[in-house]
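Please look through the model shown below before reading on. The paragraphs that follow go through its sheets, a pair of helices and one loop residue.

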Amino acid sequence: MSTLQIGTLIAATGTKVNGFITVPNSPVQMPLTIINGAKAGKTLLITGGIHGAEYPCIESAIRFGASLDPQQMSGRVLIMSPVSLNSFHARQAFVVPEDGKNLNRQFPGKARGTIAERMAFTIMSEVVPHIDAWIDLHGGDLPEALIPFLGYEEAASPAVNAQTLDMAAAFGIELLVRPDHLAGTTVAAAAQLNIPCLLAEAGQLGQREESDIHLLQQGCHNVAQLMGIIPGTAPRTNLRIFENWPWVRAAHTGCWYPQVKIGDHVRKGQTVGVVKDYFGEQIAEYQSPADGIILLVMTALSVNTNDPLLGVAAD
Ligand SMILES: [Zn+2]
C-alpha cells in the first residue's frame, strides 16, 4: 500500500506506526495505530473504547493491533483504542467527562461543538475517509450486564448491507440485532456514507474476562481475513437475526430490582423488574415490550428517570 498519513502519523508501505491524533483546538488525543501492509488491499478500521470503561473491547483492539505484521498484510488496519482516553482515565461510564455526552450519540460530530462532538468529527473527517470497512467494539459498561451480540444499521446500498452481513457471519458471534435508525451512533454515521460498519459487543461490569477479549480479537482477525488483508480463510457462523432491539427505560428515580437475567427468554408483558423508593415501597413495575432475549441489564441499584434498564433482542 502507498504511504498513509493521518494527522502527524506517517506510515510507509510495510510498516506499523503508533501515535495519537489530536482533536483540533483541544488537549484531547486519541490513540491511533496504522498498520500499512506490504501489498495493496482494503483498509479496515477498528475502534474500541468509544465508551472508556468497556475494557474487553479496548484490550482486544490493542492486542489485535500489536499482533499484526505489516509484511504479511495486503491492505491496512487502523486501530483506535481506547478512543475516549478521557473517559478511560476518568473510569467514566457511558459519557465523555468534559461535556457529559455519550460519544456514541454524537456521530458524525461537529467541527466546533463540545469535546465529544469534536472527537466524533475528528474521526469522521481524518480517519473514516481512508477506510473500506469499520468494526466498532463495545461491551456492557460499568453497571451493565450483557451477553455478546452484533449489530448494524442498514445503509442505502443493498451491496453494502450484504458486505456488513458477511462481516457479521465471519465475526464469530451468533446473535445479531438490526434495529431501526439510532441517531448519532457509529453504525448510523457509517451507513449514511455507505461504509459497512459492524457493532460488536462483549464483556461487562468493568471486568476483563479473557474469554470476552479473545472473542472480540478473534472476530477482528476473522473479518480482516474475510477482507483479504491477512492470509487465511474466514470462518462462517449461522447468525440469529433480530429485527428489533427495544429498550425499557426508567420512568422513576429510585432503586432498581431486575427480575430477569441476561440471556433469559421473555414474553411481551412479562414483568422484568421493579423500582422502589428508599424505604422499600414499590413505585413502579416494568414489563418486557416484546417476546425476545434479554441482551443487557442495568445492574446498578441506583436508577434515574430515563436511564436504560434493559434491552431485548426481538423479532
Ligand atoms: Zn459502548
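Which strands does helix α1 lie across? Helix α1 (residues 55-67) lies across β4, β5 (39-48), β6 (74-80) and β7 (133-138), and runs at about 155° to β5. The model is predicted: local features need pLDDT of at least 70, side-chain atom pairs count only at pLDDT 80 or more, and totals for chains, interfaces and linings use all residues. Residues are numbered from 1 along each chain as its sequence is written. Helices (H or I, at least four residues) and strands (E, at least two) are DSSP runs, numbered from the N terminus. Axes are lines fitted to C-alpha atoms, for helices over the stretch in contact, and angles run from 0 to 180 degrees between N-to-C directions.

The four strands under discussion belong to an open sheet of nine strands, with the order β3-β4-β6-β5-β7-β11-β9-β10-β12 and mixed pairing. Two strands pair if DSSP finds at least two bridges between them. The edges are β3 (15-22) and β12 (240-242), each of which pairs on one side only. On average, and with direction ignored, neighbouring strands of this sheet are turned by 20° against each other. At the β3 edge, β3 and β4 (residues 29-36) run antiparallel and are joined by eight bridges. Threonine 22 stands opposite glutamine 29 of β4.

Further along the sheet is β11 (residues 197-201), a mostly covered strand in which five of five residues are buried. Buried means that 20 or more other C-beta atoms lie within 10 Å of the residue's own; 12 or fewer means exposed, anything in between means partly exposed, and the C-beta atoms are placed from the backbone. Cys197, Leu199 and Glu201 point one way from β11, while Leu198 and Ala200 point the other way. The pairing of β11 with β7 is parallel, over five bridges, and histidine 138 stands opposite glutamate 201. The pairing of β11 with β9 (residues 149-151) is antiparallel, over three bridges. There, leucine 150 stands opposite alanine 200.

Next comes the packing of α1 with another helix. Two packed helices are described by the angle between their axes and the distance between the axes. For α1 and α6 (residues 210-226), the angle is about 45° and the axes are 8 Å apart. The two helices are therefore oblique to each other; angles under 35 degrees count as roughly parallel, over 145 as roughly antiparallel, 65 to 115 as roughly perpendicular and the rest as oblique. The crossing of α1 and α6 is right-handed, that is, the near helix is turned clockwise from the far one by less than a right angle, where anticlockwise would make it left-handed. On the α1 side, Pro56, Cys57, Glu59, Ser60, Arg63 and Phe64 take part, and they meet Asp212, Ile213, Leu216, Gln217, Cys220 and His221 of α6. By class, this contact has six nonpolar, three polar and three charged residues. Ala, Val, Leu, Ile, Met, Phe, Trp, Tyr, Cys and Pro count as nonpolar, Asp, Glu, Lys and Arg as charged, and the others, Gly among them, as polar.

There is also an open sheet of four strands, in the order β17-β16-β14-β19, with antiparallel pairing. Its edges are β17 (282-287) and β19 (302-303); each has a single partner strand, so one side of each is left without a neighbour in the sheet. Four bridges join β14 (residues 254-258) to β16 (residues 271-276). Across this pair, tyrosine 257 stands opposite valine 274, and proline 258 has glycine 273 as its bridge partner. On the β17 side, β16 and β17 pair over five bridges, with valine 274 opposite glutamate 285 and lysine 276 partnered by glutamine 282. β16 and β17 form a hairpin with five residues between them, and glycine 280 in the turn has a positive phi of about 90°.

Finally, glutamine 270 lies in the loop between β15 (265-266) and β16. Why is glutamine 270 classed as partly exposed? Glutamine 270 is partly exposed because 14 other C-beta atoms lie within 10 Å. Leaving aside neighbours within four places in sequence, glutamine 270 is in contact (C-beta atoms, placed from the backbone, within 7 Å) with Gln287 and Ser288.

How values were computed: Two residues are in contact if their C-beta atoms, placed from the backbone, lie within 7 Å.
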